[in-house]
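Thanks for coming. I have one structure to go through this morning, and I will keep to the details.

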Amino acid sequence: GLRFPFQRRREELVTAKPAFRRAFPVWERNGFSTEAAMDAAHALILGALPPSVAGGAILDLGCGNGRLLNRAADKGYTRSLGVEVEAIRALDAEASIRVGSLFDVTLWDQEYDVVLLMPGRLVEPGVTAEMAAAVRDALHRRTRQVLLYAYGDWIQRESLVALSRRAGFIVPDDVVVHTADNTHALVVTMA
């Protein structure tokens, strides 16, 4: 499973930075308890990912070390960008990553074929309605599709459809929700 939200104490990160890669396996650095849990979650998300035209562009908002973006290249998404707020997680980036908040929409100012996002990020404590609206507005301008996914505590509290709607996305009643173990994913079209 996933321990969400994944956070380490700031002092632990600062003191562990030089040995971070040795101290924590890649799945733990991405917030998962096991490699199998991370692989299962990524497999479901990749299975829900719409096919890409050659050279498709993908953006992952909250990408960790970019491992999922690397795997998306196998589906034709060869132009990728990730945004990750925790610099320590981007230390061993396996993809092109910009360190910063997904709410800083200037970090992801291009057009993308698809964007990956956990909708819970838009309803977390401290996120204002204006911040969430700015992200949705940027998504409307910059992509055709958003793959919304959730796992761990998020889907134990409410369905992915309900969470996505609470985050301000228009989710049709007949949307296909991909589910496996502790991960759910769906794709919405941005109008």
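I will take the core, then one helix, then the strands, then the charged pairs.

Before anything else, please keep in mind that this is a predicted model.

Start with the core. The largest nonpolar core has 58 residues. Ranked by contacts inside that core, the top residues are Leu-49, Trp-108, Leu-117, Leu-139, Leu-147 and Phe-169. Which element gives this core its largest share? That is helix α4, residues 35-48, with seven residues.

Leu-147 is worth picking out on your screen. Leaving aside residues up to four places away in sequence, Leu-147 touches Ile-45, Ala-48, Leu-49 and Pro-50. Leu-147 also touches Val-114, Val-115, Leu-116 and Leu-117, and then Ala-185, Leu-186 and Val-187.

Now helix α4 itself. Its buried residues are Ala-37, Met-38, Ala-41, His-42, Leu-44, Ile-45, Leu-46 and Ala-48. As a check on geometry, the 14 residues of α4 should span 20 Å at 1.5 Å a residue. The end C-alpha atoms of α4 are 20 Å apart, so the model agrees with the expected value.

On to the strands. Strand β7, residues 183-189, has five of its seven residues buried, so β7 is largely enclosed by the rest of the structure. What does β7 pair with? One partner is strand β5, residues 143-151, which runs antiparallel to β7 and is joined to β7 by seven bridges. Within that pairing, Tyr-151 has Thr-183 of β7 as its bridge partner.

Strand β6, residues 178-180, is also antiparallel to β7, with three bridges between them. Here Thr-179 is bridged to His-184 in β7. β6 and β7 make a hairpin with two residues between them. If you look at the turn, Asp-181 has a positive phi of about 45°.

Next, the charged pairs. Side chains of opposite charge can pair when their charged atoms come close. How many salt bridges does the structure hold? The count is five, and I will show three of them.

Asp-113 forms a salt bridge with Arg-144, with the closest N and O atoms 2.5 Å apart. This pair links distant parts of the chain, 31 residues apart: Asp-113 lies in strand β4, residues 112-117, and Arg-144 in strand β5. Is Asp-113 buried or exposed? Its relative accessibility is 15%, so Asp-113 counts as buried, the cut-off being under 20%.

The second pair is Glu-158 with Arg-166, where the closest N and O atoms are 2.4 Å apart. Arg-166 is partly exposed, at a relative accessible area of 46%.

In the third, Arg-165 forms a salt bridge with Asp-173, and the closest N and O atoms are 2.8 Å apart. Arg-165 is partly exposed, with 37% relative accessible area, whereas Asp-173 is exposed, at 74%.

One last residue, Glu-124. Where is Glu-124 found? Glu-124 sits in the loop between β4 and α6, the latter being residues 129-142. With a relative accessibility of 18%, Glu-124 counts as buried. The side chains of Glu-124 and Arg-121 are joined by a polar contact of 3.4 Å. Finally, Glu-124 and Ala-167 are 43 residues apart along the chain, and their C-alpha atoms are separated by 9.5 Å.

That is where I will stop.

How values were computed: Residues numbered from 1 in each chain as written. Predicted model: local features only at pLDDT ≥ 70, side-chain atom pairs only at ≥ 80, totals over all residues. Heavy atoms only, no water. Core = buried A, V, L, I, M, F, W, Y, C linked by side-chain atoms within 4.5 Å. Buried < 20%, exposed > 50% of the residue type's maximum accessible area, 1.4 Å probe, protein only. Helix = DSSP H or I, 4+ residues; strand = E, 2+ residues; numbered from the N terminus. Contact = heavy atoms within 4.5 Å. Pairing = 2+ DSSP bridges. Salt bridge = Lys/Arg side-chain N within 4 Å of Asp/Glu carboxyl O. Expected span 1.5 Å × (residues − 1). Polar contact = N/O pair within 3.5 Å; in protein donor to acceptor, adjacent residues only side chain to side chain.
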